[in-house]
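User: I'm new to looking at protein models. Could you show me how to read one, feature by feature?

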Amino acid sequence: MNEYKEKILKICNESNKATLMETLNIEYIDVGENYLVAKMPVTPQVHQPDGVLHGGATVALAESVGSMASHIFLDTKEFFVRGLEISGNHVKSIREGDVYARAEVVHKGRTTQIWDIKVTDKDGNLISICKLTTIALSKK
């Protein structure tokens, strides 16, 4: 399983090149049967003017991990994934360190998928909670 896990994470991280995910330094770090985890450093590049993590950067992290999770769990030879809707509630601010986004599947339908994404700090404190709905569209 570890070899399979490492292969998936390598593919996910390689897909970040020259994208928003690379700009935000997002790294996929864990994957399981129904979840994917990514981390993002909290630096001045993702701060609001008052020095805390910007909610938009948090939502970008959440959508990135949720969309990538949909890609992993769907047949991407036949389908491509797009986000339909994302919402986020920010409950705590953070100034430095890393944040971790864990996307867990709530509904894995043939067409739509719903992801619950919790963003936490290194100690597991909840920073934001997001919900992402994705759609699988046929490449044909």
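Analyst: Sure! Let's begin with database annotations: UniProt positions are given here in the numbering used for this chain, and annotations may be inferred rather than shown by experiment. Also keep in mind that this is a predicted model.

User: Okay. Which residues does UniProt give for the feature "domain: Thioesterase"?

Analyst: The UniProt record, an unreviewed entry, puts that feature at residues 51–127. In the model, this span is 25% helix and 45% strand, and its end C-alpha atoms lie 15 Å apart.

User: How many helices and strands does the chain have?

Analyst: There are 3 helices and 6 strands. Follow the sequence along and you get the pattern α-α-β-β-α-β-β-β-β.

User: What can the radius of gyration tell me about the chain?

Analyst: You compare the value with what a compact globule would have. For 140 residues that would be near 14 Å, and the chain has 15 Å, so the two agree. If you prefer to think in boxes, the C-alpha atoms fill one of roughly 45 × 30 × 25 Å along the principal axes.

User: And what share of the residues count as buried?

Analyst: Buried means under 20% relative accessible area. By that cut-off, 39% of the 140 residues are buried. As for the surface, the chain exposes about 8,100 Å², with carbon and sulfur atoms supplying 50% of it.

User: Can we try a single residue? Is asparagine 16 buried or exposed?

Analyst: Check its relative accessible area: the value is 4%, so asparagine 16 is buried. You'll find asparagine 16 in the loop between α1 (2–14) and α2 (20–23). Setting aside neighbours within four places in sequence, asparagine 16 is in contact with Met21, Glu22, Ile26 and Tyr28.

User: What about contacts between residues that are far apart in sequence?

Analyst: Look at contacts with a separation of 6 or more: 58% of these in the chain come from residues 24 or more positions apart. One pair to look at is histidine 47 and arginine 95, which are 48 residues apart in sequence, yet their C-alpha atoms are 7.6 Å apart in space.

User: Where is histidine 47, and which residues does histidine 47 touch?

Analyst: Histidine 47 is in the loop between β2 (35–42) and α3 (55–73). Not counting residues up to four places away in sequence, histidine 47 touches Val42, Val52, Leu53, His54 and Arg95.

User: Which atoms of histidine 47 and arginine 95 should I look at?

Analyst: Look for a polar atom of the histidine 47 side chain: the backbone oxygen of arginine 95 lies 2.7 Å from it.

Notes: Residues numbered from 1 in each chain as written. Predicted model: local features only at pLDDT ≥ 70, side-chain atom pairs only at ≥ 80, totals over all residues. Heavy atoms only, no water. Helix = DSSP H or I, 4+ residues; strand = E, 2+ residues; numbered from the N terminus. Contact = heavy atoms within 4.5 Å. Polar contact = N/O pair within 3.5 Å; in protein donor to acceptor, adjacent residues only side chain to side chain. Rg over C-alpha atoms; globule rule 2.2 N^0.38 Å. Buried < 20%, exposed > 50% of the residue type's maximum accessible area, 1.4 Å probe, protein only. Areas by Shrake-Rupley, 256 points an atom, 1.4 Å probe, with all protein chains shown as cover.
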